Every structure is written in C-alpha cells, then in structure tokens.
Amino acid sequence: IRDMAETTAGFSFIELMTLLGKTKNLLKERVTVRDLGTILETISLQSKFNKDYDFLTERVREALARSICKQNLADNGELMAIILSPDVEKTLAQGISPDGQNMTIDPTYSKQLYSSLDNEIKKALMTYNCQPVILCSSPIRLQFRRFIENYYPQFSIMSYNEINTSIKVKSVGVIRLEAVKS
C-alpha cells in the first residue's frame, strides 16, 4: 500500500491512511467499503485534480455505483426513488457556497422542504411498502445529505451519477414547493 500510495497517487503513506480514514464518510451513509481496490484506484486518479475529502468521497461513490444501487433495490429489483423537482434543485444549488462546503437556505423554505419530504416519504412507504432513496443531482447531493441527515439518517441520498445503467428507477414521489418570497 505504501508504494502504491507514493507512486500512483502522489500521497505519502500518512496522507493515504488519512484518506482511508475518510471512508467513514462512506460508512456513515452505509456504503460498503469492501471494494478497496476501486476506492484506492478512484482516490488515486481523482486526487490529481482535487484532494478535497468531500470531492474524493463523491467520486468514490460514483465508482461504487453498482454496489450502492444494489443495496438500495426493492424486492422487485427496482430502485424506488423520491426525486427533487428542478425548482427545488435550483434553489438548493443556489444556496451552496462557492467552495461547496456549506448550504444556506431560507428558514421558511427549509420548513416547507422538510414538510414536503416528510409527506412524500410517508406516501411512498404506505403505497410501495419499501424505503425509497432520495435522488438528486451530483452537485447538491452531499450538502442535501448533510441538510437532512439529522431528521432522516436512515435514508440513502443518491445522485443520478450513482445509478447503474442497468437499473430500473421508479419515481415514487417528487419534492415540490413554492419559492419563498423575500
């Protein structure tokens, strides 16, 4: 591992161990880290562009798309998903800081978003009797995850980039709301 870290990724052994420690981001979201080869290869390739842990975690998630999808499939083999409407996606994206580390949204909008999400989750659970994932675009996935994780820690938040092309996705709800007037 030491030689691979220094020759392929440009990381020192200590830096690599620190990065591997960041797999806790994956484990926190219940993503399997069994495929260490894919994880290391992705970190090695992507760290040439950006060594930010969040960036690397998101790229690793994309590389592990097959296993992430598999662990979230319903019994019928479909990926049941609640999606965010384009307007919600746009509002959330506008609230993300330029460095991508924080998201700020209007408190009233936040309450409406939680309410809409809660309603869609309840409908999906009652109608389909399975826990859906929440599907959104890659640029907002991590910040949206952080936004809802205290209220909905058990739900997987996936980006469209994490869906394997062979997987059938079934939309079981859409999060929609009105923009808050300032």
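Visitor: In β4, which residue is the bridge partner of M80?

Guide: Happy to start there, keeping in mind that this is a predicted model. β1 (residues 79–84) and β4 (169–175) run parallel and are joined by 6 bridges. Within that pairing, the residue of β4 that bridges to M80 is K170.

Visitor: What angle does the direction of α8 make with that of β4?

Guide: Helix α8 spans 107–128. This helix packs on the sheet and touches β1, β2 and β4. Its direction, set against that of β4, makes an angle of about 145°.

Visitor: What is the order of the strands in the open sheet?

Guide: Let's build it from the pairings. β1 is joined to β4 by 6 bridges and to β2 by 3 bridges, while β2 pairs with β3 over 3 bridges. The open sheet of 4 strands, with parallel pairing, therefore has the order β3-β2-β1-β4.

Visitor: Which are the edge strands?

Guide: Look for strands that pair on one side only. From one strand to the next, the twist averages 40°. The strands at the edges are β3 and β4.

Visitor: Which residue stands opposite I157 of β3?

Guide: Strand β3 covers residues 157–159 and pairs with β2 in the parallel sense. On the β1 side, a residue of β2 is the bridge partner of I82. That residue also stands opposite I157, and it is I134.

Visitor: Are the residues V133, I134, L135 and C136 of β2 buried or exposed?

Guide: In a regular strand, side chains alternate between the two faces of the sheet. Here V133 and L135 lie on one side of β2, with I134 and C136 on the other. Both faces are covered, and these four residues are all buried.

Visitor: What is the handedness of the β-α-β unit made by β2, α9 and β3?

Guide: The helix in this unit, α9, is residues 138–148. α9 lies across β1, β2 and β3, and runs at about 175° to β3. The unit that β2, α9 and β3 make is right-handed.

Visitor: Why are the buried residues of α7 on the same side of the helix?

Guide: The buried residues of α7 (residues 86–94) are V88, E89 and L92. What covers them includes β1, α8, β2, α9 and β4, whereas P86, D87, K90 and Q94 are exposed on the other side. The buried residues are on the same side of α7 because around the axis they cover an arc of only 100°.

Key: Residues are numbered from 1 along each chain as its sequence is written. This is a predicted model: local features need pLDDT of at least 70, side-chain atom pairs count only at pLDDT 80 or more; totals for chains, interfaces and linings use all residues. Side-chain values use heavy atoms; hydrogens and water are left out. Buried means under 20% relative accessible area, exposed over 50%, partly exposed in between (1.4 Å probe, protein chains only). Helices (H or I, at least four residues) and strands (E, at least two) are DSSP runs, numbered from the N terminus. Two strands pair if DSSP finds at least two bridges between them. A crossover is right-handed if, with the strands pointing away from the viewer, the path from the first strand over the helix to the second runs clockwise. The arc is that of the directions from the helix axis to the C-beta atoms. Contact means heavy atoms within 4.5 Å. Axes are lines fitted to C-alpha atoms, for helices over the stretch in contact, and angles run from 0 to 180 degrees between N-to-C directions.
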